[in-house]
Amino acid sequence: MTQMRLVVVGASGRMGRVLVRAISEAADLVLVGAVDQPGSEYLGRDAGELAGLPALGLNVSDDPLPLFAAADGVIDFTIPAASVAYAAFAAQARIVHVIGTTGFSAEEEAKIAAAARHAAIVRSGNMSLGVNLLAALVRRVARTLDEDFDIEIVEMHHNRKIDAPSGTALLLGEAAAQGRGVTLQEAGVFTRHGHTGARKPGDIGFATLRGGTVVGDHNVIFAGAGERIELGHKAEDRGIFARGALTAARWARGRKPGLYSMTDVLGLTDF
């Protein structure tokens, strides 16, 4: 099979630069476009040089549609509003769209789902292969243990992260809720302050920490009478998210349009 032609959006960001480097190192992939937001100071810069590589001859652009039209897929770690717009362009071009963006509203999620009628979209709160295996384990443990075990999710990220809880924490919360046969909307407890009263059986609690340069730490605690089970993951390098996203792009190439997750990519649906 020929090299998969990819566009990176948000090319000037931390993840964008990591993605440019990761694609350049992959023999089966080739970067054919780099996009940034209108007005960005990085427009016109060479995408390779921006990522700390030799010049690639690809300048950062704010016009995604012609780049999408010449590509097989787009990798997107941006912001929700931008991802929604890119999903519409990907649907128009009928290409793969891998979305690692988090913090979507219900309305934005609906727009992504609509775009997936015409494009193969893989969206996940975390693209790490390890985190998605962790989610499968959380779902399995939650299904095995009853409400005598309380579920708490603790996450920490760097001080520049703009959404809370993290998309990964929500991914793990959804897995726990699925295991318990409930929805996170009904079971999730996202804030505690003051006299909250005793913890309700079946609650799935969240605690959010922010500080320093932490890439991402997540722990899921199953606390029972006299014992605790703790499942966790520590991200030490953003490269793990890039590698997962590229694995998703390869998997989605040639798939029929639809909204997929990393659970689909890793074959963990029935775990």
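**Two sheets and a helix in a predicted model**

Five strands form an open sheet in the order E7-E8-E6-E9-E10, with mixed pairing. At its edges stand strand E7 (188–189) and strand E10 (227–235), each of which pairs on one side only. A word on the names helps here: helices (H or I, at least four residues) and strands (E, at least two) are DSSP runs, numbered from the N terminus, and two strands pair if DSSP finds at least two bridges between them. The model is a predicted one, in which local features need pLDDT of at least 70, side-chain atom pairs count only at pLDDT 80 or more, and totals for chains, interfaces and linings use all residues. Residues are numbered from 1 along each chain as its sequence is written, and side-chain values use heavy atoms, with hydrogens and water left out.

Within this mixed sheet, strand E6 (residues 150–157) takes part in both kinds of pairing. Strand E8 (residues 204–210) runs parallel to E6 and is joined to E6 by seven bridges. Two of the facing residues can be picked out: Ile 153 stands opposite Phe 206 in E8, and Met 156 stands opposite Leu 209 in E8. With strand E9 (residues 216–224), E6 pairs in the antiparallel sense, over seven bridges; here Glu 155 has His 218 in E9 as its bridge partner. As a general point, strands of a sheet pair through backbone hydrogen bonds, either parallel or antiparallel.

Strand E10 offers a residue to look at in detail, Arg 228. Is Arg 228 buried or exposed? Arg 228 is exposed, with a relative accessible area of 60% (exposed means over 50% relative accessible area, buried under 20%, and partly exposed in between, using a 1.4 Å probe and protein chains only). Leaving aside neighbours within four places in sequence, Arg 228 is in contact with Ile 221, Phe 222 and Ala 223, where contact means heavy atoms within 4.5 Å. Arg 228 and Val 154 are 74 residues apart in sequence, and their C-alpha atoms are 14 Å apart in space.

The UniProt record (unreviewed entry) has an annotation covering residues 130–266, "domain: Dihydrodipicolinate reductase C-terminal". Over residues 130–266 the chain is 38% helix and 28% strand, with its end C-alpha atoms 10 Å apart. The UniProt record (unreviewed entry) also places "domain: Dihydrodipicolinate reductase N-terminal" at residues 4–127. That span, residues 4–127, is 37% helix and 20% strand, and its end C-alpha atoms lie 19 Å apart. UniProt positions are given in the numbering used here, feature names are shortened, and annotations may be inferred rather than shown by experiment.

A second open sheet has six strands in the order E2-E1-E3-E4-E5-E11, with parallel pairing. Its edge strands are strand E2 (29–35) and strand E11 (258–260), each pairing on one side only. From one strand to the next, the twist averages 20°. E1 and E3 run parallel and are joined by four bridges, one partnership being that of Val 8 with Ile 75 in E3. E3 also pairs with E4 in the parallel sense, over four bridges, and Val 74 has His 97 in E4 as its bridge partner. Further along, strand E5 (residues 120–123) and E11 pair in the parallel sense over three bridges, with Tyr 260 in E11 the bridge partner of Val 122.

Both faces of E3 are covered: Gly 73 and Ile 75 on one side, and Val 74 and Asp 76 on the other, are all buried. In a regular strand the side chains alternate between the two faces of the sheet.

Helix H4 lies across strand E1 (4–9), E2, strand E3 (73–76), strand E4 (96–99) and E5, and runs at about 165° to E4. Helix H9 (residues 239–252) packs on the sheet too, touching E1, E2, E3, E4, E5 and E11, and its direction makes about 155° with that of E4. For such angles, axes are lines fitted to C-alpha atoms, for helices over the stretch in contact, and angles run from 0 to 180 degrees between N-to-C directions.

At 1.5 Å a residue, the 14 residues of H4 (residues 80–93) should span 20 Å, and the end C-alpha atoms are indeed 20 Å apart; the expected span is 1.5 Å times one less than the number of residues. Which residues of H4 are buried? They are Pro 80, Ser 83, Val 84, Tyr 86, Ala 87, Ala 90 and Ala 91. Seen down the axis of H4, the buried residues fall within an arc of 165°, so they line one face of the helix (the arc is that of the directions from the helix axis to the C-beta atoms). On the other side of H4, Ala 81 and Gln 92 are exposed. After H4 comes Arg 94, whose phi is positive, near 60°.
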